[in-house]
Amino acid sequence: MATADAKRRLRERPMGVTIVLSIVGYALVIGTFVLDLPIYPDLTLEQINLLTHAIAVINVAATVLLVAGWYWIRAGEVEKHRLAMIGAFALILLFLVVYLLRVGGGGDKIFDGPTLVRYAYLIMLAIHILLSIVAVPVVLYALILGLTHTPAELRETSHARVGRIAAASWVLSLVLGVVTYLLLNHIYSYEFGM
């Protein structure tokens with residue numbers, strides 16, 4: 001009964017739920033960056049690097065699922081699309097946990113490469129961060145609509161339009177995140193600061 005009631009609320013108020021969940025997500029990230037919360041363990045550089053690599057793997061896997069989901073919906077395979085998008089969202093939740101642990105428990109990696117590459121790196125990083133911020137509410141809204149409506153009902157909602165925006169911004173953000181990860185951790189080097 002409680003599950004049916006919650007689903008009904010989600011279905012009736014997808015925008016309100018999207019706003020609340022977006023604020024919670026933003027608060028977690030901003031709180032980790034701005035407040036020195038004693039909830040995170042102090043990490044060694046080795047642990048930070050391990051978490052950084054795990055984040056990259058999670059992002060690559062999420063990108064693969066998003067692209068597969070996009071392909072499957074264009075091919076009319078709705079159930080495969082649905083599972084791929086739910087899987088990608090689950091990976092992003094895992095990313096959030098690992099990312100907050102990494103940021104909250106570690107220092108900063110500062111890009112140490114040639115000046116022109118550094119500018120390109122910073123531009124890509126800025127676009128990645130901006131798209132990550134923008135993607136949160138559109139991804140949540142598309143997901144909530146997808147989870148609370150049948151495929152036939154979704155045709156009467158903005159799910160397809162919002163989903164295209166969500167997937168495009170999300171994929172581009174993830175790809176830029178992986179490229180900046182490669183530049184910082186494998187192609188060039190970094191200085192570590194606490």
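**A pocket among packed helices**

The second largest pocket holds about 780 Å³ of space. The model around this pocket is predicted. Its lining counts 29 residues. Which of them lie nearest the centre? They are Ile73, His81, Leu154, His159 and Ala160.

What is the lining made of, by class? Nonpolar residues contribute 17, polar residues 7 and charged residues 5. Five helices each supply at least two lining residues: α3 (45-74), α4 (78-105), α5 (115-148), α6 (151-154) and α7 (159-187). The central residues can be placed on these helices. Ile73 falls within α3 (45-74). His81 falls within α4 (78-105). Leu154 belongs to α6 (151-154). His159 and Ala160 belong to α7 (159-187).

Now step back to the whole chain. The secondary structure comes to 7 helices and 2 strands. Read from the N terminus, the order is α-α-α-α-β-α-α-α-β. So where do the strands sit in that order? One strand follows the fourth helix, and the other ends the series. Along the principal axes, the C-alpha atoms fill a box of roughly 55 × 40 × 25 Å.

Several of the pocket helices also pack against each other. Start with α3 and α4. Their axes lie 8 Å apart, at an angle of about 165 degrees. An angle over 145 degrees counts as roughly antiparallel, and therefore α3 and α4 are roughly antiparallel to each other. The crossing of α3 past α4 is left-handed. The contact of α3 with α4 involves 22 nonpolar, 5 polar and 2 charged residues.

α3 also meets α7. Here the axes come within 9 Å and cross at roughly 150 degrees. That makes this pair roughly antiparallel as well. α3 passes α7 in a left-handed crossing.

The next pair is α5 and α7. How far apart are their axes? They are 7 Å apart, and the packing angle is about 150 degrees. α5 passes α7 in a left-handed crossing. The contact of α5 with α7 has 20 nonpolar residues, 9 polar residues and no charged ones.

Last, consider the annotation. An unreviewed UniProt entry lists residues 15-35, 50-71, 83-101, 121-144 and 165-184 under "transmembrane region". How do two of these spans look in the model? Residues 15-35 are 95% helix and 0% strand, with end C-alpha atoms 29 Å apart. Residues 50-71 are 100% helix and 0% strand, with end C-alpha atoms 32 Å apart. The listed span 50-71 lies inside α3 (45-74). The listed span 83-101 lies inside α4 (78-105). Likewise, 121-144 lies inside α5 (115-148), and 165-184 lies inside α7 (159-187).

Notes
Residues are numbered from 1 along each chain as its sequence is written. This is a predicted model: local features need pLDDT of at least 70, side-chain atom pairs count only at pLDDT 80 or more; totals for chains, interfaces and linings use all residues. Side-chain values use heavy atoms; hydrogens and water are left out. On a 1 Å grid over the protein atoms alone, a cavity is a set of points where a 1.4 Å probe fits but cannot get out, and a pocket is an open set with protein on both sides within 12 Å along at least five of seven lines; lining residues have an atom within 4 Å of a point. Grid points are joined across faces, edges and corners, and a volume is the space filled by probe spheres set on the points. Helices (H or I, at least four residues) and strands (E, at least two) are DSSP runs, numbered from the N terminus. Ala, Val, Leu, Ile, Met, Phe, Trp, Tyr, Cys and Pro count as nonpolar, Asp, Glu, Lys and Arg as charged, and the others, Gly among them, as polar. UniProt positions are given in the numbering used here, feature names are shortened, and annotations may be inferred rather than shown by experiment. Axes are lines fitted to C-alpha atoms, for helices over the stretch in contact, and angles run from 0 to 180 degrees between N-to-C directions. Angles under 35 degrees count as roughly parallel, over 145 as roughly antiparallel, 65 to 115 as roughly perpendicular and the rest as oblique. A crossing is left-handed if the near helix is turned anticlockwise from the far one by less than a right angle, and right-handed if clockwise.
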